Structure formats: C-alpha cells, structure tokens
Amino acid sequence: MQEKIIILDFGSQTTQLIARRIRELNMYCEIVPYNKFPHNDPDIIGVILSGSPFSVYDEHAFKIDLNEIRGKYPILGICYGAQFMAYKNGGKVEPANTREYGRAHLTTFMQDNPLFKGVRAESQVWMSHGDTITAIPDNFEIIASTKKVTVAAYQAKGEKLWGVQFHPEVFHSEDGTQMLKNFVVDICGGKQDWSATSFIESTVSELKEQLGNDKVILGLSGGVDSSVAAVLLHRAIGANLTCIFVDHGMLRKNEFANVMKDYQGLGLNVIGVDASERFFHDLAGVKEPEKKRKIIGKGFIDVFEEEAHKIKDAKWLAQGTIYPDCIESLSITGTVIKSHHNVGGLPEKMHLSLCEPLRLLFKDEVRKVGRELGMPEHLITRHPFPGPGLAVRILGDVTPEKVHILQEADDIFIQGLRDWNLYDKVWQAGVILLPVQSVGVMGDERTYEQAVALRAVTSTDAMSADWAHLPYEFMGHVSNSIINKVKGINRVCYDISSKPPATIEWE
Ligand code: XMP
C-alpha cells in the first residue's frame with residue numbers, strides 16, 4: 001500500500017505547490033480535478049481542497065458534494081477550499097472590503113489545536129483572496145485570526161475538518177510547512193515513507209507486472225527525464241527495452257558521441273541514428289522559426305518510426321513525461337489528463353501503448369531517482385535543451401557551417417560555466433547565432449563577421465525566468481575566448497531579457 005494524500009484541485013495556481021510541499025515531507029500525494037475524487041482508492045489517508053480563481057457564489061464556481069468525503073477522511077481546505085466548506089455548511093462568505101493580499105500575522109491562534117503544533121506566536125502567513133468568511137457555521141469554531149481577517153482558520157468542532165484562508169504552501173507562510181506536516185503526519189497519520197528508494201522499488205515491481213515479457217521502445221534525448229526513465233525501465237525489464245537516440249545534427253559539440261558513451265556505460269541497449277544529413281537537407285533555406293520547428297518535429301517522427309519498425313513485436317512506447325507536464329494539461333472541466341506526446345501521434349499510428357514511469361514525479365524527484373539509480377552526476381544535472389536543438393538558436397536558415405560555428409561558441413560558454421563553478425547556479429544557458437554582421441579589427445585586419453548573444457537564465461520551472469547575473473570577469477573571459485577562438489565571430493552580446501515578456505529561446 002502506498003498511502004496518499006489527495007489534493008482536490010479547484011484551479012488555483014498554487015495547487016502544484018501544495019503537492020510539492022507534501023512531497024518534501026516524504027509523503028506521497030496526488031492532484032486530482034475537483035470532480036474526480038477516486039472514491040474506490042483504499043490508500044487515501046487525507047484530503048486537501050485547493051484554492052480557486054472563483055468565488056463560492058459564482059455561477060461557474062467548481063462545486064462538490066462534501067458529504068461524499070466529510071467524515072471519511074481528515075480534510076483541510078485552503079483559501080477557496082476553506083470558504084467553500086464554510087459556505088456549504090451555512091457560513092457566510094462575502095467580498096472583502098479590500099482584497100486581502102500579502103503578508104499577515106497570526107495575532108491569535110489556539111496553540112493546542114493539532115494544526116498549530118510548533119507554530120510560533122505572530123507567525124507570518126500569506127493571504128491572497130478577494131472574498132472572506134464573515135460568519136462560520138454553528139458547529140465550527142475560529143482557531144486563528146489576523147489583524148484584518150477574523151476567520152483566518154477554523155475547525156469543525158469534534159471533527160477532523162479544518163479550513164485556512166491563508167496559503168500555508170507558499171514560501172512566505174513561515175510555519176506553513178509545519179502546519180501541512182501537522183495535518184498530513186499527526187492528523188492523517190502519514191508515515192513519511194515516500195522516497196526515491198521506495199519509488200524505485202515499487203515502480204520497478206509495477207513495471208515488471210505491467211510489461212511482463214513485452215518489448216518496449218523509448219526515445220532518448222540526452223535530457224534528464226528520458227534518461228532516468230530509460231534506466232528505471234532497464235532495471236525492470238532489462239534487454240526488452242530498446243532505446244533510440246536520433247542525432248538531427250543540431251546537438252551540442254560532441255554531444256551525440258558523449259551521451260551514447262554514457263548510455264552504453266549504463267548498460268542500455270541504444271540504437272544511435274545519425275540522421276543529420278536528412279535534417280540539413282530538409283531545412284535548407286528555411287528561415288521561418290515555426291517552419292523550422294515543424295520540419296524537425298516531423299523529421300524526428302519519421303526517423304523514429306523507421307527505426308522503431310525494425311524492432312519486432314514492440315508493444316509499448318515509453319516516455320519521460322513528468323508530473324508538471326501532466327498537470328499543465330490537466331483539464332479541470334473535462335475528464336482527462338492528456339498525455340504529452342513528445343513523439344506526437346506515434347503511439348496510435350504504430351499501435352503502441354504508452355508507458356510513462358515518471359509521470360508522477362517532479363523534476364527534482366526525477367533527479368533524486370537518477371542518483372539513486374547510480375547515474376552519473378553530469379547526466380542528472382544537465383541543463384534543459386530544446387528538442388529542435390541549435391536550429392532554434394541560429395536565427396535565419398540553418399547550415400552545417402553555422403551549426404559548427406555555434407557549437408564551438410556554445411562549448412566555450414558551457415565549459416566556462418563549469419570551470420567557474422556557475423553551471424549549477426543557472427537553469428540553462430546557450431549561445432545564439434545572430435544574423436548580423438559587424439565591423440571589427442583583428443591584428444591589422446578589418447573583419448566583417450557575425451555576432452552571437454549569450455543567454456543564461458535562472459528559473460525553477462521555465463515558465464518564468466530571469467537573466468542570470470553572471471560575474472563581469474566571467475563574461476569578459478568567455479567573450480575573449482569566443483572571439484579569439486571561433487572563426488567567423490567578432491562580437492559577443494549578453495541577453496538581459498526576462499521571461500515574460502521574452503522567452504528563454506530566441507525562436
Ligand atoms: P521558452 O523559449 O518557451 O522555453 O521560454 C521554455 C523551455 O522549453 C525549452 N524548449 C523546448 N524543449 N522542445 C523541447 O523539448 C522544444 O521544441 C522546445 N522549445 C523550447 C527551452 O529550452 C526552455 O527550457
């Protein structure tokens with residue numbers, strides 16, 4: 001049995017954060033759409049109701065029949081979750097006079113309430129709501145207040161049912177993690193036994209059962225997710241896993257050879273396909289970014305399919321889909337959690353079933369699993385890299401010569417980040433080849449060569465990003481190296497745009 005907390009998602013932006021915090025407590029949890037409660041799951045030990053963009057009295061507000069869960073599991077409502085439970089039981093929820101947003105302090109709270117064990121006096125909490133609970137139901141009691149919010153938290157008397165109008169899951173709620181721990185461990189009785197090791201053990205045995213003696217194909221990209229998925233599957237089914245790694249010619253310098261060596265060192269059965277000529281041919285003269293992406297996407301599928309067809313009797317296509325991919329496409333109003341098809345449409349076309357062993361993990365958990373599986377650190381901490389590779393970092397048409405120039409410049413930048421101990425401090429970095437020539441002077445010669453932009457960003461999820469504040473000395477060093485060593489480049493710029501409004505990649 002894998003005991004779990006269910007987080008009912010009413011559409012809040014912080015739902016994923018609640019899950020992160022609970023996983024950090026080594027407790028397993030799953031986010032499910034508010035109307036998809038898994039009633040038949042015997043492993044549920046507690047339920048959290050998330051916030052929501054709606055007001056409880058909105059016509060379109062997401063509603064559930066509380067009686068289906070009340071009394072059966074301990075429940076914690078957060079923000080909308082708290083307002084909804086109060087409202088449904090006869091309490092009053094009204095628009096707040098002023099939107100209650102930002103820091104507040106728990107001026108009074110019941111210290112002996114199990115939800116507040118270890119919570120400090122005047123503990124800071126984070127508020128973010130337009131409505132507020134102005135009256136609680138008869139059998140509820142207020143257990144915490146702030147200066148402006150009387151009903152900061154409540155409990156249904158004699159019941160394991162709590163509501164908090166603040167957000168314990170956000171960083172600015174100082175004792176928020178403690179409160180969540182009180183709920184999942186003390187109140188729900190969670191054993192905190194979710195770890196990379198337990199995940200590997202249970203997943204390997206599930207995969208063995210699910211896949212039996214079936215053959216499985218997996219597309220490797222060199223990235224963390226697909227690599228960890230491959231090693232995990234390999235542990236479960238050994239030689240029945242065949243991996244395909246396509247070189248479209250636009251990878252980093254020596255990347256194909258290095259990654260192939262890594263994979264072979266891990267004992268994986270990998271077919272490396274050098275398809276670069278075909279990609280360069282298809283891309284010749286194409287300048288428009290979306291068209292470039294489409295050509296590469298289609299080329300990738302064609303090559304993958306050709307190779308996959310050579311593997312007789314394959315039944316499954318495995319992918320390194322991770323939790324945020326699933327949650328982003330979680331349809332709250334519909335019924336399905338869509339799968340991310342990195343090799344779009346292939347499973348149906350080839351009559352393969354999908355196997356996504358990492359679909360419930362966050363990125364840092366994937367890394368922990370990789371480490372636990374004995375994978376080399378450089379594979380695990382590798383920066384994200386776009387599927388279409390350097391093609392989207394060469395503005396304008398793509399030629400083998402341009403790729404070569406960019407690979408050299410990129411290699412100097414990335415190696416420099418490693419040498420200066422900066423690689424792990426940035427989310428990702430790369431060089432962009434600009435379709436711009438400018439005048440320079442080298443020795444006694446006038447030059448008229450291309451410019452590159454360095455891009456390095458900090459981020460936690462690539463949804464938003466800031467330009468990395470790299471030391472000037474480092475940038476000076478990289479600029480000198482690139483201009484001195486890479487023929488064809490005589491100018492280096494640094495991209496200081498954040499996302500939004502810019503994106504991480506230039507195309
Ligand atoms: P943007 O440029 O949208 O990038 O800010 C966000 C993150 O996604 C990566 N990226 C891709 N990854 N296939 C991928 O697998 C793609 O086509 C692709 N385009 C962008 C990008 O490197 C960044 O990490």
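In this predicted model, strands β9 and β10 (residues 161-164) pair in the antiparallel sense. Three bridges join the two strands. Ala 153 stands opposite Val 164 in β10. The two strands form a hairpin, with four residues between them. Gly 158 lies in the turn and has a positive phi of about 70°.

On its other pairing, β9 meets strand β8 (residues 140-145), also in the antiparallel sense. Four bridges connect β8 and β9. Two of the residue pairs can be named here. Ile 142 has Tyr 154 of β9 as its bridge partner. Glu 141 stands opposite Gln 155 in β9.

Strand β9 itself spans residues 153-156, and both of its faces are covered. In a regular strand, side chains alternate between the two faces of the sheet. Ala 153 and Gln 155 lie on one side of β9, and both are buried. Tyr 154 and Ala 156 lie on the other side and are buried as well.

Ala 156, in strand β9, was examined further. Its relative accessible area is 0%, so Ala 156 is buried. Beyond residues up to four places away in sequence, Ala 156 touches Arg 70, Asn 139, Phe 140 and Leu 161. Asp 138 is 18 residues from Ala 156 along the chain, and the C-alpha atoms of the two are separated by 9.0 Å.

The hairpin belongs to an open sheet of eight strands. The strand order is β2-β1-β3-β4-β10-β9-β8-β6, and the pairing is mixed. Strands β2 (29-33) and β6 (108-109) stand at the edges. Each has a single partner strand, so one side of each is left without a neighbour in the sheet. In general, strands of a sheet pair through backbone hydrogen bonds, either parallel or antiparallel. At the β6 edge, two bridges join β6 to β8, and these strands run antiparallel. Thr 108 has Ser 145 of β8 as its bridge partner.

Thr 14 is found in the loop between β1 (4-9) and α1 (15-24). With a relative accessibility of 16%, Thr 14 counts as buried, because the cut-off for a buried residue is under 20%. Its contacts, leaving aside neighbours within four places in sequence, are with His 167, Glu 169 and Val 170.

His 404 offers another setting, in helix α13 (residues 400-419). Its relative accessible area is 45%, so His 404 is partly exposed. Lys 363 is 41 residues from His 404 along the chain. The C-alpha atoms of His 404 and Lys 363 are separated by 31 Å.

The ligand site was analysed next. The residues surrounding the ligand are Arg 293, Pro 384, Pro 386, Gly 387, Pro 388, Gln 428, Ala 462, Lys 499, Thr 503, Ile 504 and Glu 505. By class, this shell has five nonpolar, three polar and three charged residues. Both side chains and backbone supply polar atoms to the ligand's surroundings. A polar side-chain atom of Lys 499 lies 2.7 Å from an oxygen atom of the ligand. A polar backbone atom of Ile 504 is 2.8 Å from a ligand oxygen atom. An N or O atom in the side chain of Glu 505 is 2.5 Å from an oxygen atom of the ligand. On its own, the ligand has 500 Å² of accessible area, and the protein covers 67% of that area.

Values for the whole chain complete the description. The protein chain has 507 residues, and buried residues make up 57% of them. Its secondary structure comes to 14 helices and 19 strands. Along its principal axes, the C-alpha trace spans about 85 × 60 × 40 Å. The accessible surface of the protein chain comes to about 22900 Å². Carbon and sulfur atoms account for 50% of that surface. Among contacts with a separation of 6 or more, 73% are between residues 24 or more positions apart.

Note on methods: Residues are numbered from 1 along each chain as its sequence is written. This is a predicted model: local features need pLDDT of at least 70, side-chain atom pairs count only at pLDDT 80 or more; totals for chains, interfaces and linings use all residues. Side-chain values use heavy atoms; hydrogens and water are left out. Buried means under 20% relative accessible area, exposed over 50%, partly exposed in between (1.4 Å probe, protein chains only). Two strands pair if DSSP finds at least two bridges between them. A residue is near a molecule or strand if one of its heavy atoms lies within 4 Å of it. A polar contact is a pair of N or O atoms within 3.5 Å; within protein, one must be able to donate a hydrogen and the other to accept it, and residues adjacent in sequence count only if both atoms are side-chain atoms. Accessible areas come from the Shrake-Rupley method with a 1.4 Å probe; for residues, only the protein chains shown count as cover. Ala, Val, Leu, Ile, Met, Phe, Trp, Tyr, Cys and Pro count as nonpolar, Asp, Glu, Lys and Arg as charged, and the others, Gly among them, as polar. Contact means heavy atoms within 4.5 Å.
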